[in-house]
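Biologist: Please take a close look at the largest pocket of this model. What lines it, and how much space does it hold?

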Amino acid sequence: MRYLIKNGEIIDGTGRAGYKADLLIEDGKICEIAPSVAAANAEIIDASGMVVTPGFIDIHRHSDVVPFRDSSYGEIELCQGITTVIVGNCGLSPAPAPDSVRRQLYDYLEPVIGEVPDGLAFRSFHDYREAMQREKLPLNMGFLAGVDSIKAAVKGFNSTPYTEEELVKASQYVREAMEEGAFGGSLGIMYLPECYSTEDEIAYVVKPISEYGGILSTHIRGEGDSLVESVNEVINIARKSGVRLNISHFKATGIRNWNKLIYDAIEAIENARHQGFPVTVDFYPYDGGSTTLQSLIPPSVMESDPDTTLRMLATEGGKRRFVSAVNGPTPGWDNMAESIGWDRILICSVSLAENRYMQGRDIKSLSEELGYSDPAEFACDLYVKEKGKVGIIVLSMSEKDVEAVAKLPYSALISDSLYGGGNPHPRLFGSFPRFLRVFARERNILSYEEAVMKMTKLPAERMGLKERGVLDKGRIADVLVFSKEKFIDNADYSGRNGMATGMEYVFVSGFPVIRNGELLNREQGSFLLRK
């Protein structure tokens, strides 16, 4: 089938100024872009007053297992114009999961990727690739190798150093992932069990990524007081391993760090770039992030694995130990409760029905309502009762800092969407329209063309998606048609979780999956492999 999009403003993803032209799609590809195109037997789409852009590419989304459990997957994404996503971020991938750690790993991942359906067992990256290729996908998906999950597969969640044999095995898992088509690997150095790893250990494990031309996306060790040291740590890992480095959800957290520490971290990155190391960053367009309640547990309180930590925290002595650590000095660790306060930490997902009333509420007010004298005591009790399956939103950033990152020529937009259920962060529903609405139209932080580039060409180049991200003859036709004014986000921190509206047409691989604003089809996506 041929589709001719006429009279639209072409914003091609390169950052150059938009221009009026027609665009012809045939056999899944863009065949022609010209001021006036005639095509027999083509469906005509009048894009007068609208823009025509490449499909948006979200290189940091945690929808790793959603296609296996949710028949509506794709609706939230396509309504935002997202036609391609990369999963396996923050070191947290559902593979590899050998029998010895599968239950513990999947319980640990649940607040981030959601529940892994019964019967699914991704013992290897090969298992994961084969399962994804059997699915009818609503949009294109690719994957990274989660190094935290790899470490758990090799040695569990304990804090002991890698043995030489374990290092080799972990590196072999990374190599297997690259052979199976991964676009690279990811780290979550602040999370278990990767938080116990050294620079040299990580560099050894991820080195195969460089041999295949992949990228290393990393959730750094600290995003608050230790931001600069953490940035330098991953730059050193990149130097030692030879990988291309992307710093995930780059930001400065903690009120005392606002409007100053981000610039020191940018200086460290640009020093590396000037020395020839291709360091890039990504960000989301909100002043709050989302993570798990586990991230608020100081490393000094952690036991050898999550189950042992749970049992310890369930005792009175364990609770006192947690409360003392959270309320005391914590050198070398970002204490979010201390740096932003319990009133800026919201509960977004729980697993128990009796606790769902807590979703959308902050920990401080809930603790007071329930008669606790210290919010840390309530947080500990909730963590134990929920067996660690608690998602949180942390209102930890300065808008000015987010704007500073958005302006960097090497920053790309992401959503970092979690799929743990409950009352999720609004970025799940609206990151891409919000970025265009707030940063381009309302605040004029960037031109519309620059903003589109950060959602198309830049992330495509980062992942090596050579046929996507730009509107050009011969490229795969992942194409959007929408009105700048009507394309808006409808979700916020209050729990209003409306989907984005105003997307008129979405083409995935040359096929219209949204037509006149109506979702038609969720089976046109592909599982993408690195080439």
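Modeller: The largest pocket holds about 600 Å³ of space; the model it is found in is predicted. Its lining is made up of 41 residues, and those closest to the centre of the pocket are Met190, His219, Arg221, Ser295 and Trp333. Sorted by class, the lining has 20 nonpolar residues, 15 polar ones and 6 charged ones. Strand S14, residues 289-292, and strand S16, residues 391-394, each bring at least two residues to this lining. The most comes from S14, with 3 residues.

The second largest pocket can be set beside this one. The volume of the second largest pocket is about 310 Å³. Gly464, Leu465, Lys466, Leu529 and Lys531 are the closest to its centre, out of 15 lining residues. By class, the lining of the second largest pocket consists of 6 nonpolar, 3 polar and 6 charged residues.

As for the cysteines, the whole structure was searched and 0 disulfides were found. Cys90 has no bonded partner because the closest cysteine sulfur, in Cys348, is 14 Å from its own, too far for a bond; a pair would need to lie within 2.5 Å. Cys380 is likewise in no disulfide, and the nearest cysteine sulfur, in Cys195, is 18 Å away. Cys90 is buried, at a relative accessible area of 4%, and Cys380 is buried as well, at 2%.

Definitions and conventions
Residues numbered from 1 in each chain as written. Predicted model: local features only at pLDDT ≥ 70, side-chain atom pairs only at ≥ 80, totals over all residues. Heavy atoms only, no water. 1 Å grid on protein atoms, 1.4 Å probe; cavity = no way out; pocket = protein on both sides within 12 Å on 5 of 7 lines; lining within 4 Å. Points joined across faces, edges and corners; volume = space filled by probe spheres on them. Helix = DSSP H or I, 4+ residues; strand = E, 2+ residues; numbered from the N terminus. Nonpolar A, V, L, I, M, F, W, Y, C, P; charged D, E, K, R; others polar. Buried < 20%, exposed > 50% of the residue type's maximum accessible area, 1.4 Å probe, protein only.
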